[in-house]
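Reader: I am new to this structure and would like to go through it with you, one question at a time. Could we begin as soon as it is on display?

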Amino acid sequence: MTQLFINIKELVQVRDAAIKKVSGIEMKNLPTIKNAFLLVKDELIFDFGTMDKIPDLSVDEIIDCSGKIILPSWCDSHSHIVFAGNREHEFVDRIKGLSYEEIARNGGGILNSTKKLKETSEEGLYDQSAKRLKEVIALGTGAIEIKSGYGLTVSSELKILRIINRLKNNFDTPIKSTFLGAHAVPEKFKNNKAAYIDLIIEEMLPKIAKENLADFIDVFCETGYFSIDDTKKILTAGKKYNLIPKVHVNQFNSIGGIEISSKNNALSVDHLEVLSDRDLEVLKESNTIPVALPSCSFFLSIPYTPARKLMDNGLAMAIASDYNPGSSPSGNMNLVVSLACIKMKMTPEEAINAATINGAYAMNLSEKVGSITKGKIANFFILKDVPSYHFIPYFFGSNRINAVYLKGKKVH
Ligand code: NIG
Ligand code: FE
């Protein structure tokens, strides 16, 4: 099956196969081709270029994109979309003045979602999660990482990871799964965190590995959750099963999570709303990519990750949705791009790089998605008539997407 997209007003993020991520000043550059064609063959990007270079061959379908802009799909490298129900009462409590941490201390927060998940059947949880995935695909997401972490028992964590596996099999979008058993200490282990960590290491990890249910391992490394020593122990245990770390660090406090993650060869460190000078120095010496989650900052009214500081120091960075019921009940990557520009002072080019090629890198997927590159999966979206791609962040809050293609198939 070959499809030829013609008269594309602007084809955005066209890259050479060798580029896995872009760092620092390179992030200001977003290569595009005006008046372009795009040729898709058997689910992959086969060729692209200016209209005058269109190859002479017979195709199955021709799609005229006059006046329209095409971008590669968003690569959302941090989400928690497998959750049950919602936490709208906590939302109202926060409006009335309680903080995220106070709500968690009063039995709300992650443990509230854990309770709801336990009461939900595997089928019901799958349906809720698949619905969320469909919703974000329609909003342009074409590759996503999904974490466990609302189970916190052996059976419930496995239940979540199996659901992620089913989503992997049933959707045409690359999905990576992350084991986040160390998301919170469950009620039962309130006075014995060490025993819960033992459960993670001795029971959960071997079972997950046996069924091959996770690509990555994560820990909520934060005051009141898991310490540096806890994090080290869990990441080291994960290494035995080849689980690469992607770690929640520096959301509220800088306690050394960046350093311990980078020492354990983490692929990414995520959140970083708080960043010390020492943290910055560690990042400059490491290959670990920082991931900012601006919709979490927006929703919780906490500081935004200092993106300018990271990029002006030559670092790469990605942006992701953090879609979850407690700190970011939205998986809209268009809004994430807007917030990155408006609140973090990223240029549209930097934000689009962070949400595509660098997001792919933060999932170990930059050889498959994240740019318009020959041989990559044909996951992209077409914008409605807009003067330029700047309209994605500029006209925040409205959907500018006209059509979504996954593996070259129109899905929305
Ligand atoms: O990334 N910070 C830890 N985990 C999630 C929030 C989880 C929740 O509140 O349900 C986050 O923000
Ligand atoms: Fe998160």
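Reader: Is K309 buried, partly exposed or exposed in this model?

Author: The model is a predicted one, and the class of a residue depends on its relative accessible area, with buried meaning under 20% and exposed meaning over 50%. For K309 that relative accessible area is 33%, so K309 is partly exposed.

Reader: Which residue forms a salt bridge with K309, and which helix does that partner lie in?

Author: The partner of K309 is D277, with the closest N and O atoms 3.8 Å apart. D277 is exposed, at a relative accessible area of 57%. K309 belongs to helix α11 (residues 307-312), and because its partner lies in another helix, the pair ties together parts that are 32 residues apart in sequence, the helix of D277 being α9 (residues 277-284).

Reader: With which residue does R308 meet in a salt bridge?

Author: The bridge joins R308, which lies in helix α11, to a residue of helix α13 (residues 348-355) that is 42 residues away. R308 counts as partly exposed at 22% relative accessibility, whereas its partner is buried, with a relative accessible area of 1%. Salt bridges with shared partners join the two to K28 and D312 in one network. The N to O distance of the pair is 2.8 Å, and the partner is E350.

Reader: How far apart are the closest N and O atoms in the salt bridge of K193 and D230?

Author: This pair links distant parts of the chain, since K193 is in helix α6 (residues 193-210) and D230 is in helix α7 (residues 228-239), 37 residues apart. K193 is partly exposed, with a relative accessible area of 26%, while D230 is buried at 11%. Their closest N and O atoms are separated by 2.5 Å.

Reader: How many salt bridges does the structure hold?

Author: The pairs discussed above include K193 with D230 and D277 with K309. For the structure, the number of salt bridges is 20.

Reader: Where does ligand 1 sit, and how much of its accessible area does the protein cover?

Author: Among the 15 residues around ligand 1, those that come nearest are Y100, Y150, H183, Q251 and S327. A polar side-chain atom of Y100 lies 2.4 Å from an oxygen atom of the ligand, and an N or O atom in the side chain of R87 is 2.8 Å from a ligand oxygen. Ligand 1 sits in the largest cavity. Of the 330 Å² of accessible area that ligand 1 has on its own, the protein covers 100%.

How values were computed:
Residues numbered from 1 in each chain as written. Chains lettered and ligands numbered in written order. Predicted model: local features only at pLDDT ≥ 70, side-chain atom pairs only at ≥ 80, totals over all residues. Heavy atoms only, no water. Salt bridge = Lys/Arg side-chain N within 4 Å of Asp/Glu carboxyl O. Helix = DSSP H or I, 4+ residues; strand = E, 2+ residues; numbered from the N terminus. Buried < 20%, exposed > 50% of the residue type's maximum accessible area, 1.4 Å probe, protein only. Near = heavy atom within 4 Å. Polar contact = N/O pair within 3.5 Å; in protein donor to acceptor, adjacent residues only side chain to side chain. Areas by Shrake-Rupley, 256 points an atom, 1.4 Å probe, with all protein chains shown as cover. 1 Å grid on protein atoms, 1.4 Å probe; cavity = no way out; pocket = protein on both sides within 12 Å on 5 of 7 lines; lining within 4 Å. Sits in = over half its atoms within 2 Å of the grid points.
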